[in-house]
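Me: I'd like to learn how to read a structure with several domains. Could you walk me through it?

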Amino acid sequence: MTSASLENGVSRLNIYRTTSNTSSQVSLKHDYIDSPFSGKKDQFDQVLDVLDSTGFIPESLIESEAKWFYESLGIDDVFFARSSPEDIASHIHALYSCKVQAYSSFGEQPLISYKREAEDHAVFFDTVDAESYKRNQFEERIDDKYIDPSSTTTNSYRTEYFSAPLNYQSDPILSGVYQQNKELRDQYVRLFFVYKNNYTISEAAANETDLEKIGDKTFLKIASDNTKQLYTSIVKDVINTTGPVIKHFPLEDSEEYRVVIGYKQKTSARYNSALSDLANYYKLQVTRKYVEQFSNGVTIISMYVTSKSRKSPVDLSIYQVIKEASLLYCIPHNYFHDRFIQGELSLQESIYAQSGVIFVTHFLNRLGPEYNKLSSLLDPSKSIEHAEVLNSLKKRLRAETYTQDYIKEVFDNRRDIVRKLYRQFADVHYIRSSMEKTLSYQRLSQITPVGSEEEFEQLLSRECSQNEHHAIVLRALYTFNKSILKTNFYTSTKVALSFRLNPSFLPESEYPERPYGMFFVVGSDFRGFHIRFRDIARGGIRIVRSRSLDAYNVNARNLFDENYNLANTQQRKNKDIPEGGSKGVILLDPGAAQERPQACFEKYIDALIDLLLKQNIPGVKDNYVDLYAKPEILFLGPDEGTAGYVDWATLHARERGAPWWKSFLTGKSPELGGIPHDEYGMTTLSVRAYVNKIYEKLDIDDAKIRKFQTGGPDGDLGSNEILLSRKENYVGIVDGSGVICDPQGLDKQELIRLAKERKMIEHYDKTKLSPQGYVVLVDDMDVKLPSGEVVTSGVAFRNTFHLKLKQQFGVDGVDLFVPCGGRPAAIDTNNVHDLIDEKTGKSVVPYFVEGANLFITQSAKLILEKAGIVIFKDASTNKGGVTSSSLEVLASLSFDDKGFLENMCVDPETKAKPQFYQDYVKDVQKIIVGNADSEFEALWKLKAETGTPFTILSDKLSVAINKLGDELANSKELWNDDIEFRNAVLLDSLPPLLLEKVGIENVLSRVPEAYLKAIFATHLASKFVYSRGIDSNPAKFLEFISSIRKDFIQKGLLKY
């Protein structure tokens, strides 16, 4: 249909002119559209003419077929107003042919199945048995092709759905089908119409709420004033929240309800089709459904439902749909969705089961007693080779034993036991207000609970006696239940599921240092964890993306271990600050989720906040069962892939009413009081301190250093490493775009230009390369290097270049290796020998400062140290960022809101920085360098005294500080009995500039006591270890306390 004829048709939707057609009356009663189609009768006559001229349908049936299409299928007038007589005739022809086909196939189901797709519209028809629900074969396709991928920059679509009883007994053809197949039961015909949107403003701002600017032109013409007012309200609510906005209304003089749901586009794939499944589960018939997509990125679904049976009270069913629509939004299509459709599992049971599958996949102890026995025999602490063999064996066991697919299969086969375990979960976490009346409670009460652990074991003995593997998997699900301290599973609105876990279930053989706390988050397109090693802890949130399904499987397999190791490293790294170590990891699902990192991050953050706040907002946030029963605060920051989302998270925490919103995240923009690590080189300052200290101790001229770096000029660490690199000569850099190499030295000014502009090495001016220099990008193939070597794959060359330094530069062509980016374990014992000269047994790189976290495994570091390298690990070198973040948090906690705005927030318009902010940043930079110098000196001294490798000394020093710090933090005597000494320690530890501005009294009253205790303990512990060594015997510590008391008296912090 042309746009001109469409406009003409829609313009004739006139409220003041009516026809006798029942479809129009239904539309008006539903109050979705504004008016019937006044040209319908004329159009009907034109359709008859088209049908007659074609001659496909017998003349005696033409009018009845046309009337059946116009009057019996419940199609709204909007369809007729938008369609030409030729289009409608084409649909009637198609449906007629479907009926003939149904007759010739003796009523094989579905009786009708028809689709027609064009660039700007699509039509789908089918039929279904009224008593035996089957998913609409087209609805998922409509989601995948039209609704979910909709984009205002490309194509966006709206849909209309209608369903009506199929009266086949009065139809001349279908009645013949019935005569052939007497078992044919009542049928419904289901019709979908998809239209391409035509916006007034195609790319409206995300916060735009004016429907006239963001709505499709046809929608704006047909929608009633009531619908427009309702949608405007919902659009505003969606913009100001993270999850779905859900409303419902009974229709006057009708048994129908209208359910309206708004949500942000591209946040819940296949949600539209899943809502149909949810309605059906509760025996509701969807009579109409409209999906409107607005150009500001908001989608609104209006769904009209009525009970399929008069025996089923519609109000109870509606209550369940409304309550579970939020849970469905979290995971629209779970692993057991087919069981849900078939009514074998409820939505809660199936989504609980999916959460359980993911938990069991990560935490089922797949190593077993045989591995533990082997580990004790080989003793990895005494042999690097043994450690690596055991680590490889551990990875293989985890990959090849209980896979996720196998666990899903067990859950499916043993779903009766899974349901019993769900009952156990619900009995603990479902708050029983008036739930006894609900349909979900009625179902739940019919499930026999598993009872005690002994009774559960008896159940497994009965049901799984012939399959111990099934019993092992189900025990792990039981462990999941027992470890949950609180969850948002039953809160009214949520965007992802979050579980606060007690980490005590982690096997000590695999995780020797038990975390303090764990969060487990499950979303529709991601999974994630947050691990912390102290109550007060700090660490970044990183997003893990996967280039392929194989890469995803590897990432999923390593996800928790990577998170644990990162948090553990952070714990050691945070030795100088009050917060312990923590880390959060978000793994994006393969497919479309890889392009939606921000949406996944937002869901993860909101789900965490659900369990950090105790809110009771009726219909929005309910109370939850809190077995942890203590307040919790997380201190988060940016990491790989999340730096751009920190401001949103900060403001979102404020909108959610979190009193700690100012300190929730660091790395936020200066306008929100953040100190950007990249702008001030905070992370790099500590890495550079180690490099500079090596030069100082070994009397090295930096101008003679040939340097190789992973992590390019586009990143925080990489760019600032280049900018702070003094006179060092770069010979090679690897980044996301590829490899650049020049043994004669890369042009320093060109690298500085790229670093300042934050551009990858693909933008390097190649005219500045020497004849021996080259660039190989990841997409390159069959590239010939100056040496004559041919690189067949650019991406493979990039991924392994850091191991080819001997081949590319010779055994003495690189002096310093500083990784500033790269995946964990890029160097391990399987490949570390590529960095050792086989003739001399010496490392080909003499100096190595690990800037990137976990870039090289512990065992590989020790092998390199044995080969003569001077190497400092990440836990010692990469702590500038966390120090800056900690001091940023301290300022946000110390100021009230007014003082914070005046002293820590850059003016958003003029970009003027408060003087305090500028001075405070300089103090932070000095503290970072000072802490790094102190630790370096302590390590250098210990190495000289003991001969122990730096790699081991770094861990011992971290453990010594953290252990002493924990003991001091738990000491009531030091904290409560000698208040003057306690305050003196705090005065000595807090930045003087902050004390001068805020005052110690305000600091003590505003900063949480747990945080002050951590400051007190960490300051004493680090001061002791850096000055007295890692041996903290009581006599030495008493002497230390006596010494600092004298120092405090001299400084005027203590009277005597």
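Reply: Sure, let's start at a domain border. This is a predicted model, and across the interface of domain 5 and domain 6 there are 10 residue pairs in polar contact, both partners at pLDDT 80 or more.

Me: Which elements supply at least two residues each to the side of domain 5 that touches domain 6?

Reply: They are α28 (682-698), α33 (858-866), β24 (870-872) and α34 (874-877). Of these, α28 gives the most, with 10 residues. Sorted by character, the domain 5 side has 11 nonpolar, four polar and seven charged residues.

Me: Where do domain 5 and domain 6 sit in the chain?

Reply: The domain assignment puts domain 5 at 682-880, while domain 6 is made of two pieces, 899-904 and 914-1051. In the contact, 22 residues come from domain 5 and 21 residues from domain 6.

Me: How far apart are the C-alpha centres of domain 5 and domain 6, and how much area do the two bury between them?

Reply: The centres lie 34 Å apart. The buried area is about 1900 Å², with 67% of it on carbon and sulfur atoms.

Me: What about charges? How do I read a salt bridge?

Reply: Here's the general idea: side chains of opposite charge can pair when their charged atoms come close. Between domain 5 and domain 6 the count is four salt bridges. As for a single case, K693 and E937 meet through their side chains, at 2.7 Å from N to O.

Me: How many salt bridges does the count come to by this rule?

Reply: The count is 75 salt bridges. One to look up is E119 with K196, where the closest N and O atoms are 2.6 Å apart. E119 lies in the loop between β1 (113-117) and β2 (121-129) and K196 in strand β4 (residues 187-196), so this pair ties together parts that are 77 residues apart in sequence.

Me: And aromatic rings, how do I describe a pair of those?

Reply: You describe a pair by the distance of the centres and the angle of the planes. The structure holds 75 aromatic pairs. Take Y281 and F340: their ring centres are 5.2 Å apart and their planes are at 35°, so the pair counts as tilted. Y281 belongs to helix α12 (residues 271-281) and F340 to helix α14 (residues 337-341), so to speak two distant parts of the chain, 59 residues apart, linked by the pair.

Me: Last one: backbone angles. What is the phi of K283?

Reply: K283 has a phi near 60°, a positive value in a residue other than glycine. You'll find K283 in the loop between α12 and β7 (284-293). L854 is another case to check: its phi is positive, about 60°, although L854 is not a glycine. Look for L854 in the loop between β23 (847-849) and α33.

Terms used
Residues numbered from 1 in each chain as written. Predicted model: local features only at pLDDT ≥ 70, side-chain atom pairs only at ≥ 80, totals over all residues. Heavy atoms only, no water. Domains from an automatic or database assignment. Contact = heavy atoms within 4.5 Å. Buried area = accessible area lost by both parts, 1.4 Å probe. Polar contact = N/O pair within 3.5 Å; in protein donor to acceptor, adjacent residues only side chain to side chain. Helix = DSSP H or I, 4+ residues; strand = E, 2+ residues; numbered from the N terminus. Nonpolar A, V, L, I, M, F, W, Y, C, P; charged D, E, K, R; others polar. Phe/Tyr/Trp six-rings, centres within 6.5 Å; stacked < 30°, edge-to-face > 60°.
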